[in-house]
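The following note sets out points for a colleague who is examining this model at the bench. Please read it alongside the sequence and the structure.

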Amino acid sequence: DLEIVPSPFLAFLKDLHSKYKSLQEGAVANYIPELAKVNPDLFSICIVTVDGQLYEVGDYEQLFTIQSMSKVFAYGLALEDRGRDYILTKVGVEPTGDAFNAIILDEQSKRPHNPMVNAGAIATTSLIKGSGATERLNRMLDMFRRYIGRDVFVDISVFTSERSTGHRNRAMAHLMLNFGTIDQNIEEALDLYFQQCAVMVNCRDLAVMAATLANRGTNPITGEQAVDSRYIKDILSVMYTCGMYNFAGEWAYKVGIPAKSGVCGGIFAVVPQQMGIAVFSPLLDTRGNSVRGVKVCEELSQHLSLHLFDCS
Ligand code: GLN
C-alpha cells in the first residue's frame, strides 16, 4: 500500500499549494460541454518516488478525466503492439509549434507531426491491436490498470459529450483517412480515442503513472510492469519535445523534464530514475495547459534542481 511520509518536503509542498491556491488566472475548458462543469478551485499536487514514497496535498483523490495525458500511455501500447519502426511510418516525432487541436499533417509524409497532439493521438490509437472495439477498449483499460494499480473506468458523460461535439477531431480523422494514414474504421478509432480521454483518474494516480515511467516502466507501488522498458526512451522523448504543445520549448528550457498536460487541468512530469510529479488544477492558459500546474512545476524544478541539463 501507499505510504504517506510526513517530512519537511511535504511541508514545502503544502506551502507551494497555499501559495498558488490564490492564483485565479485562466479558464476551465468549455469546448467539451461536460468539462465546463468542473469546480475551478480544485487543486492538488502529488509526488511518487521510484522507491514508492508518496507526498500529496490538496484534492488528490478528486477524480477527473485524463484527457490528453492519455496520449502518452496509448503511444506506449501502440509501440508495443506494432514496434517502433512501423509506428514511425504512421506518426512523426516533430513538435508542431501549433495548438493541440490544429488540423495539420506533415506536408511531405502526410503523417501527423507527433503522438502528443490530437491528430497524432487519433492515429496512434487507431494502431492499437484487438479483434474488435471491445477488445481494443479492454486492452487499453488493462494498460491503464497496470500503470495505476487499480481498475479504471470511462466517464460515460464526458465520452458522449466529446463524441457528439468533437467535430475538429473528426475532421482530422477524415484528413488522415484521405491520405491513407488511418485505414481502420475511423468512427471506431475516434470512439476509442474519446474513451481513452474520458478515463477517470485522480492526481495520486497520475503521479503513480508518472513514477512508473520514471521507474523504467514498472509501477513502483505494485511492482507490475506497465510497459516494455525499451519504449521508455521513445515515450519520454516525445513528451519532452511535444508534451506541452506550443509551450513545449519554453517548458523544456525552464522546467527541463518530460511532461504532459491535458485540458482537464492535469500535468504530469517524469524525473527519470527518481520520481513522478502530478498537479491538478482546471484553470487553463490559452494553450490548454493548467496555469497553476505550470507554476508549481517551475518551482519544483528549481527547488529540487530537476532540470535534466542543470549541472550548476
Ligand atoms: N479529448 C480532448 C480533445 O481531443 C483532449 C485534448 C487535451 O487534453 N488537450 O480535444
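**Notes on the strands and the ligand shell**

1. Strand 6 (residues 259–261) and strand 7 run antiparallel and are joined by 3 bridges. Within this pairing, Lys260 stands opposite Phe268 of strand 7. The two strands form a hairpin with 4 residues between them, and Gly265 in the turn has a positive phi of about 105°.

2. The model is predicted, and its confidence values should be stated with it. The chain has an average pLDDT of 96, with 98% of the residues scoring at least 70. For the complex, the predictor gives an ipTM of 0.97 and a pTM of 0.96.

3. Strand 7 is largely enclosed by the rest of the structure, because 6 of its 6 residues are buried. One side carries Gly266, Phe268 and Val270, the other Ile267, Ala269 and Val271, and both faces are covered.

4. Strand 7 (residues 266–271) also pairs with strand 8, again antiparallel, through 6 bridges. Val271 stands opposite Met275 in strand 8, while Phe268 has Ala278 as its bridge partner there. A hairpin with 3 residues between the strands results, and Gln273 in its turn has a positive phi of about 65°.

5. On its other pairing, strand 8 meets strand 2 (residues 44–49) in the antiparallel sense over 6 bridges. Here Cys46 has Ala278 as its bridge partner. Ala278 is thus the strand 8 partner of Cys46 and of Phe268.

6. Is strand 8 (residues 275–280) enclosed or open? Buried residues account for 6 of its 6 positions, so strand 8 is largely enclosed by the rest of the structure. Met275, Ile277 and Val279 point one way, and Gly276, Ala278 and Phe280 point the other way.

7. Turning to the ligand, the residues that surround it are Gln67, Ser68, Phe100, Asn101, Asn118, Glu162, Asn169, Cys197, Gly262, Val263 and Gly288. By class, this shell holds 3 nonpolar, 7 polar and 1 charged residue. At least three shell residues come from each of domain 1 (3–65 + 201–303) and domain 2 (68–197).

8. An unreviewed UniProt entry places the feature "binding site" at Ser68, Asn118, Glu162, Asn169, Tyr193, Tyr245 and Val263. Among these, Ser68, Asn118, Glu162, Asn169 and Val263 also appear in the shell around the ligand.

9. Asn118, one of the positions in that record, lies in helix 4 (residues 118–125). Asn118 counts as buried because it has 23 C-beta neighbours inside 10 Å, against a cut-off of 20 or more.

How values were computed:
Residues are numbered from 1 along each chain as its sequence is written. This is a predicted model: local features need pLDDT of at least 70, side-chain atom pairs count only at pLDDT 80 or more; totals for chains, interfaces and linings use all residues. A residue is near a molecule or strand if its C-beta atom, placed from the backbone, lies within 6 Å of it. Ala, Val, Leu, Ile, Met, Phe, Trp, Tyr, Cys and Pro count as nonpolar, Asp, Glu, Lys and Arg as charged, and the others, Gly among them, as polar. Domain bounds come from an automatic or database domain assignment. pLDDT is the predictor's confidence in each residue, from 0 to 100. A residue is buried if 20 or more other C-beta atoms lie within 10 Å of its own, exposed if 12 or fewer, and partly exposed in between; C-beta atoms are placed from the backbone. Two strands pair if DSSP finds at least two bridges between them. UniProt positions are given in the numbering used here, feature names are shortened, and annotations may be inferred rather than shown by experiment.
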